[in-house]
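This report goes through a protein model element by element. It begins with a single residue and then turns to the sheet, the aromatic rings and two loop positions.

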Amino acid sequence: MKILFVCQNNICRSPMAENIFKFIAQVDGKIDDFEIASAACRDTVEGSDMLSLVRIHLFKYVTGKLCPPHKARKITKEDYEHYDLIIGMDSPNIRDMLEFFDGDPKNKIHKLLEFCDSSSVNGNEARNVSEPQFTGNYAFAAHEIGEGCAALYKKMVNPHFHF
């Protein structure tokens, strides 16, 4: 299964989701069953590493190990055909991807928190992963992303897995 996590600039939420999902799959012994990556809707910081605060929160609160080097990249047209799932962090990401990919005929594009039981906002649309670059709350974003990645993993692979 090939999964691409997408956020605005690929320096914060999407690399966090990429590393958390990889960690979950590794803990469950299924890492070889996946190709996991991340990308951006925009190319404003292409080539940049993930933010140091993201790296710190992943190490301190999630994985307990250092993440590999990361280079931000923008989504490409080829990504739509290559990946089985393309997971956005918020409604603007979904909108940008639908526009960039000229729709979603194969139903590959989803919002991360739609996989959670408590995902809806007012019973309608799945809630957005908060943007820690604006809120400053990296721990809360890591918690939301962890919740979404665990729910996605459970739906895809192991309904009994607990993160």
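## A buried helix residue and its surroundings

Ala-17 has a relative accessible area of 0%, so this residue counts as buried. The model is a predicted one. Ala-17 belongs to helix α1, which covers residues 13-27. Leaving aside residues up to four places away in sequence, Ala-17 touches Phe-5, Met-89, Ile-145 and Cys-149. Leu-4 is 13 residues from Ala-17 along the chain, and the C-alpha atoms of the two are separated by 9.4 Å.

## The sheet

Four strands make up an open sheet with parallel pairing, and their order is β2-β1-β3-β4. Strands β2 (35-40) and β4 (109-111) are at the edges, each pairing on one side only. From one strand to the next, the twist averages 25°.

β1 and β3 run parallel and are joined by four bridges. β3 and β4 also run parallel, with three bridges joining them. Ile-87 can be followed across the sheet: Phe-5 stands opposite Ile-87 in β3, and Ile-87 in turn stands opposite His-110 in β4. Gly-88 stands opposite Lys-111 in β4.

Two helices are described here as packing on the sheet. Helix α4 packs on the sheet and touches β1 (2-7), β3 and β4, with a direction at about 170° to that of β4. Helix α6 (residues 138-156) packs on the sheet as well, touching β1 and β3, and its direction makes about 160° with that of β1.

Which residues of β3 are buried on its two faces? Leu-85 and Ile-87 are buried on one side, and Ile-86 and Gly-88 on the other, leaving both faces of the strand covered.

## Asp-90 after strand β3

Asp-90 is located in the loop between β3 (85-88) and α4 (91-100). Its relative accessibility is 10%, and the limit for buried is under 20%, so Asp-90 counts as buried. The side chains of Asp-90 and Arg-13 are joined by a polar contact of 3.0 Å. Apart from residues up to four places away in sequence, Asp-90 touches Arg-13, Lys-111, Asn-128 and Val-129. Lys-111 is thus named twice: as a contact of Asp-90 and as the residue opposite Gly-88.

## Aromatic rings

Six aromatic pairs are found in a search of the whole structure. Two of them are set out below.

| Pair | Centre to centre | Angle between planes | Type |
|---|---|---|---|
| Phe-5 and Phe-21 | 5.9 Å | 50° | tilted |
| Tyr-80 and Phe-101 | 5.3 Å | 50° | tilted |

The pair of Phe-5 and Phe-21 links distant parts of the chain: Phe-5 is in strand β1 and Phe-21 in helix α1, 16 residues apart. Phe-5 is buried, with a relative accessible area of 0%, and Phe-21 is buried with a value of 0%. Phe-5 and Phe-21 also belong to a cluster, linked by ring pairs, that takes in Phe-34 and Tyr-153. Phe-5 is, in addition, one of the residues touched by Ala-17.

Why does the pair of Tyr-80 and Phe-101 tie together parts that are 21 residues apart in sequence? Tyr-80 lies in helix α3 (residues 77-82), whereas Phe-101 lies in the loop between α4 and β4. Tyr-80 and Phe-101 are both buried.

Lysines sit over two of the rings. Lys-108 lies over the face of Tyr-80, at 5.0 Å from the ring centre. The charged end of Lys-77 sits over the ring of Phe-100, 4.7 Å from its centre.

## Two loop residues with positive phi

Asn-10 is not a glycine, yet has a positive phi of about 65°. This residue is in the loop between β1 and α1, and its relative accessibility of 0% means that Asn-10 counts as buried.

Asp-102 is not a glycine either, and has a positive phi of about 55°. The loop between α4 and β4 holds Asp-102. Is Asp-102 buried or exposed? Its relative accessibility is 66%, and exposed means over 50%, so Asp-102 counts as exposed.

Conventions:
Residues are numbered from 1 along each chain as its sequence is written. This is a predicted model: local features need pLDDT of at least 70, side-chain atom pairs count only at pLDDT 80 or more; totals for chains, interfaces and linings use all residues. Side-chain values use heavy atoms; hydrogens and water are left out. Buried means under 20% relative accessible area, exposed over 50%, partly exposed in between (1.4 Å probe, protein chains only). Contact means heavy atoms within 4.5 Å. A polar contact is a pair of N or O atoms within 3.5 Å; within protein, one must be able to donate a hydrogen and the other to accept it, and residues adjacent in sequence count only if both atoms are side-chain atoms. Two strands pair if DSSP finds at least two bridges between them. Axes are lines fitted to C-alpha atoms, for helices over the stretch in contact, and angles run from 0 to 180 degrees between N-to-C directions. Rings of Phe, Tyr and Trp (its six-membered ring) pair if their centres lie within 6.5 Å; planes under 30 degrees apart count as stacked, over 60 as edge-to-face and the rest as tilted. A charge sits over a ring if NZ of Lys or CZ of Arg is within 6 Å of the ring centre and within 35 degrees of the ring normal.
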